[in-house]
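Here are a few exercises to work through with the model open beside you. Try each task before you read its solution.

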Amino acid sequence: MQRKFIQIAGIIWTLVYAGFIVWLYATEPRSFKEVATNTQVAAGIYEINQERFNNGLALFSRDQFRAARDEWAGADPAQRDPRTQFYIAYACYREGWGRVYDDDALFKQGLEAVNRAISLAPNGTLMVEDPNLQMNTAAELKTELEQGTETSWNDLNPLKLFRKRK
Amino acid sequence: MKNYAERNRALIHFIVLPTILLTVGLLGGLRIDAQTGKFIFIAPPLVTLVLAILLGSLFVRAGAIDLHHWLAIDQPTLTNLAHLLTLIALFFASAQAFNSVLPESGLLHWMFAFFFLWTLWTNQFSAFDARRLLKSLIVLFGTAFVLKHLLVSGLYAPAGGWFKRIAAALLQGIAIDVPAFAPVTGYVSFFALVLYVVGLLLIAPVPMRPPASAVNKLAAREDALAHESLDETSE
């Protein structure tokens with residue numbers, strides 16, 4: 001009886017431990033802190049740090065986009081919150097936007113963030129109610145970022161100089 | 001007293017052994033980035049899986065694992081399942097042990113892989129017993145560990161010494177692409193290999209069988225008696 005109990009315990013333990021190892025290799029955490037964060041995500045108890053998110057918003061409203069992105073990255077270390085990812089993408093857009101030309105690297109970074117936001121949003125649709133933003137959906141922001149990274153004849157249009165940042 | 005021994009044997013066989021092998025599986029692919037100190041998990045490359053199959057075949061040929069006793073039709077399903085999981089854990093532990101001592105990329109990766117393949121392939125046709133196989137594996141992994149974590153990593157250390165200068169002179173013009181990892185990676189690899197050897201020491205060629213029940217013992221005794229009486233009548 002005792003042997004059977006040890007066998008069952010061994011089988012369960014082996015499966016759980018093997019599952020944990022596979023999960024580690026699949027999620028590839030970079031530190032023990034990330035292991036903890038990924039565990040929270042897997043357990044469904046992950047929440048962003050609201051205080052840092054609000055700090056990011058305050059910095060964003062003062063046009064300190066890089067600092068805002070750092071705060072939001074700290075607020076959502078697992079990159080699992082669609083709203084935070086949307087704001088990170090928006091900060092990339094605003095910082096990278098230029099009257100003559102856009103910063104391709106920042107726009108690409110923004111595109112990655114907005115794609116993450118769309119994939120995390122329920123039904124792939126994300127709308128952020130914020131009166132300070134001129135684009136309130138992830139789809140609009142994505143289009144704007146994509147257009148910024150594309151090269152076309154339209155780039156030579158002199159009227160482009162009169163466009164406004166959203 | 002006997003109960004304790006049986007219980008401890010069962011604990012080692014069904015819990016400690018798979019834990020050790022899975023820990024090798026976990027640590028074998030773990031590297032620490034030299035710049036940032038962050039974890040890098042490297043899944044076992046395809047060649048390490050081939051090497052693990054060859055090594056598994058060696059275990060069976062050398063009698064280190066008697067498959068007929070590990071997986072048998074007359075054993076309880078639970079026992080077979082536990083043994084199957086242990087064998088799968090052994091397979092992945094072997095793959096990760098190779099992964100741990102194999103350079104990650106470049107010319108050295110393929111050179112090491114080739115030498116491992118060559119050694120394991122030629123060993124398939126040698127006469128081995130379990131003890132000699134274990135000694136041979138310790139030498140094989142020990143040599144690869146020294147080459148990778150002491151010599152090759154020394155070559156690419158920022159403050160390389162005389163060996164770096166000699167190698168740079170010898171290998172002038174040959175690009176050997178080896179990623180730089182923190183020295184702690186060597187310790188992790190060493191620990192993984194020690195655990196792997198401990199795991200191999202704990203594997204019994206014939207696993208412990210469940211103690212025969214009173215009914216089984218009676219049936220066996222009856223069989224023996226019947227054979228004895230048959231023998232007497234034939235004489």
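**Exercise 1. The face between the chains**

Work out how many residues of chain B are in contact with chain A, and which elements of chain B supply them.

*Solution.* Keep in mind that this is a predicted model. Start with the count: on the chain B side 22 residues make contact, and they meet 20 residues of chain A. Next, sort the chain B side by element: α1 (2–27), β2 (39–41) and α4 (77–101) of chain B each give two or more residues to it. The largest share belongs to α1(B), with 10 residues. Finally, split this side of chain B by class, and you get 16 nonpolar, 4 polar and 2 charged residues.

**Exercise 2. The cores**

Find the largest nonpolar core and say which elements build it.

*Solution.* A good way in is through the residues with the most contacts inside the core: B:L21, B:V24, B:A93, B:A97, B:F98, B:A192 and B:Y196, in a core of 46 residues. Now ask who supplies at least two residues each: from chain A there is α1 (2–27), and from chain B there are α1, α2, α4, α5 (106–123), α6 (130–155) and α8 (184–202). The top contributor is α4(B), which gives 10 residues. Apart from this core lies another one, of 25 residues, including A:Y87, A:A91, A:I118 and A:L145.

For a close-up of the 46-residue core, pick B:A192. Beyond four places in sequence, B:A192 touches B:V24, B:L27, B:G28, B:A97 and B:S100. As a bit of background, nonpolar side chains in soluble globular proteins tend to be buried together.

**Exercise 3. The build of chain A**

Decide how chain A compares with a compact globule of 166 residues, then look at its domains.

*Solution.* First, the secondary structure: chain A has 7 helices and 0 strands, so to speak a plain α-α-α-α-α-α-α when read along the sequence. Second, the radius of gyration: a compact globule of 166 residues would come out near 15 Å, but chain A has 21 Å. Third, the box: along the principal axes, the C-alpha atoms of chain A fill roughly 85 × 35 × 30 Å. Fourth, the domains: the assignment gives domain 1 (2–43) and domain 2 (50–162), with 36 Å between their centres, taken over C-alpha atoms.

Two more figures fill in the picture. Buried residues account for 29% of the 166 in chain A. Of the chain A contacts between residues at least 6 apart in sequence, 56% join residues at least 24 apart.

**Exercise 4. One helix, end to end**

Check whether the span of helix α6 (residues 104–120) of chain A agrees or disagrees with its number of residues.

*Solution.* Take 1.5 Å a residue: the 17 residues of α6(A) should span 24 Å, and the end C-alpha atoms are 24 Å apart, so the two agree. Then list the buried residues of α6(A): A:L106, A:F107, A:Q109, A:G110, A:L111, A:A113, A:V114, A:R116, A:A117 and A:I118. Their cover includes α5 (82–96) and α7 (138–149) of chain A.

**Exercise 5. Positive phi outside glycine**

Locate A:E28 and A:N123, and say whether each is partly exposed or exposed.

*Solution.* A:E28 is in the loop between α1 and α2 (32–43) of chain A, and its phi is near 45 degrees, positive in a residue other than glycine. With 14 C-beta neighbours inside 10 Å, A:E28 is partly exposed. Move on to A:N123, in the loop between α6 and α7 of chain A. Phi of A:N123 is positive too, about 65 degrees, and A:N123 is not a glycine. A:N123 has 6 other C-beta atoms within 10 Å, so it is exposed, given that 12 or fewer is the cut-off.

**Exercise 6. Two glycines of chain B**

Where do B:G63 and B:G186 sit, and what do they touch?

*Solution.* B:G63 is in the loop between α2 (46–62) and α3 (67–70) of chain B. With 14 C-beta neighbours inside 10 Å, B:G63 is partly exposed. Beyond four places in sequence, B:G63 touches B:D129, B:A130 and B:P205; B:A130 is 67 residues away along the chain, yet the C-alpha atoms are 5.8 Å apart.

B:G186 sits in helix α8 of chain B and is partly exposed, with 17 other C-beta atoms within 10 Å. Its contacts beyond four places in sequence are B:H149 and B:S153. From B:G186 to B:L150, 36 residues apart in sequence, the C-alpha distance is 8.1 Å.

How values were computed: Residues numbered from 1 in each chain as written. Chains lettered and ligands numbered in written order. Predicted model: local features only at pLDDT ≥ 70, side-chain atom pairs only at ≥ 80, totals over all residues. Contact = placed C-beta atoms within 7 Å. Helix = DSSP H or I, 4+ residues; strand = E, 2+ residues; numbered from the N terminus. Nonpolar A, V, L, I, M, F, W, Y, C, P; charged D, E, K, R; others polar. Buried ≥ 20, exposed ≤ 12 C-beta atoms within 10 Å, placed from the backbone. Rg over C-alpha atoms; globule rule 2.2 N^0.38 Å. Core = buried A, V, L, I, M, F, W, Y, C linked by C-beta atoms within 7 Å. Domains from an automatic or database assignment. Expected span 1.5 Å × (residues − 1).
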